[in-house]
Amino acid sequence: WASSLGEHASRSMPRIIHQGRVWGSQGVRLTTPFEGLNTKWSSSLPSSLVKRDEPSPGLAVLVMDDPKSRNSLSLNMLGELRMHLEDIQADESVRCVVLAANGPVFCSGHNLKELMSMDSEEGLRTIFNECSDVMQAIVNLRTPVIASVQGLATAAGCQIVASCDLAVAAKRGSAFSTPGVDIGLFCSTPSVALVRQIPHKAAMHMLLTGETIPAEKALSFGLVSEVVPDGDLQSHTLALGKEIASKSAAAIDIGKGIVREHKDLNLGDAYTCASAAMVRNMSQR
């Protein structure tokens, strides 16, 4: 894997004009004030949109590998992500997942070309339902998922980051936005993940303004858990994944599930739920 600050992919992408604004063919504004890391994660798998590698015991790395479309969430990309997540759910040897991307953009959200080619509401519904299934698969996965964000994460790409348990972002290379409002498409599905992960006013600021926020501001919002120097992103994320994967499998499995289960309960029910988990965990030691 090698990284260097590269040209922002949008400069070579076809453009569309909507309401006086210039956009790339996948819907990302061409005027984003940063240059993403041009990352390259290695994999032993044949060519595909999502590659899986296991660099150490218990750690799986999923890499979105469609830089030409800015890793947009086409139906094919979503289908491969869901397939890998389902495989990992069934693989008890995996105790942590890193979700990363190749190229200078982490994920540009839905593929607008694909969306605009749909000639029926049923086609659109299929895409958004598939995306919702993938996001829920990340949240409901029994193992923690760490997003490794090297570039722009916009719209449904930002939704992926918000759906992960942890997110490590490159200090200069990464940025986050939900810019659908700029083209008359409110980011309704990304809002589901955002309002569950960051404060309400921070989420509404992103959703209503479409502002692209840098890594440090995303950290202050709670959208990402760490910001690291660009050159340290991969090594730091892998080290974090290896550390988590080295812990007790039973504790990791119970831990992610129980936090998800009790966080929306009232205080008394949350302690009842957590106490039952402690008993279950103790009996497995």
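1. In strand E9, the bridge partner of Ala147 is Ala167. Ala147 belongs to the pairing of strand E7 (residues 145-149) with E9, which is in the parallel sense and runs over four bridges. Two strands are taken to pair if DSSP finds at least two bridges between them. The strands (E, at least two residues) and helices (H or I, at least four) are DSSP runs, numbered from the N terminus.

2. A remark on the basis of these points: this is a predicted model, in which local features need pLDDT of at least 70 and side-chain atom pairs count only at pLDDT 80 or more, while totals for chains, interfaces and linings use all residues. Residues are numbered from 1 along each chain as its sequence is written, and side-chain values use heavy atoms, with hydrogens and water left out.

3. E7 and E9 sit in an open sheet of six strands, with the order E3-E4-E5-E7-E9-E12 and mixed pairing. Its edge strands, each pairing on one side only, are E3 (50-56) and E12 (226-228). From one strand to the next, the twist averages 20°. In general, strands of a sheet pair through backbone hydrogen bonds, either parallel or antiparallel.

4. At the E12 edge, E9 (residues 166-170) and E12 run parallel and are joined by three bridges. Ala169 has Val227 of E12 as its bridge partner, and Ala170 has Val228. E9 is mostly covered, with four of its five residues buried. Buried means under 20% relative accessible area, exposed means over 50%, and partly exposed lies in between (1.4 Å probe, protein chains only).

5. At the other edge, E3 and strand E4 (residues 59-64) run antiparallel, with five bridges between them. Ser56 is bridged to Leu59 in E4. The hairpin of E3 and E4 has two residues between the strands, and Gly58 there takes a positive phi near 85°.

6. Two residues other than glycine also deserve a look for their phi values. Asn71 has a positive phi near 55° and lies in the loop between E4 and helix H1 (75-90). Its relative accessibility is 0%, so Asn71 counts as buried. Ala155 likewise has a positive phi, near 55°, and is placed in the loop between strand E8 (152-154) and helix H4 (156-163). Ala155 counts as buried because its relative accessibility is 16%.

7. Turning to the helices, H5 (residues 188-197) and H6 (residues 200-209) pack at an angle of about 155°, with their axes 8 Å apart. Axes are lines fitted to C-alpha atoms, for helices over the stretch in contact, and angles run from 0 to 180 degrees between N-to-C directions. H5 and H6 are therefore roughly antiparallel to each other; angles over 145 degrees count as such, under 35 as roughly parallel, 65 to 115 as roughly perpendicular and the rest as oblique.

8. Which residues of H5 and H6 meet? Ser191, Leu194 and Val195 in H5 meet Ala203, Met206 and Leu207 in H6, where contact means heavy atoms within 4.5 Å. By class, this contact of H5 with H6 has five nonpolar residues, one polar and none charged. Ala, Val, Leu, Ile, Met, Phe, Trp, Tyr, Cys and Pro count as nonpolar, Asp, Glu, Lys and Arg as charged, and the others, Gly among them, as polar.
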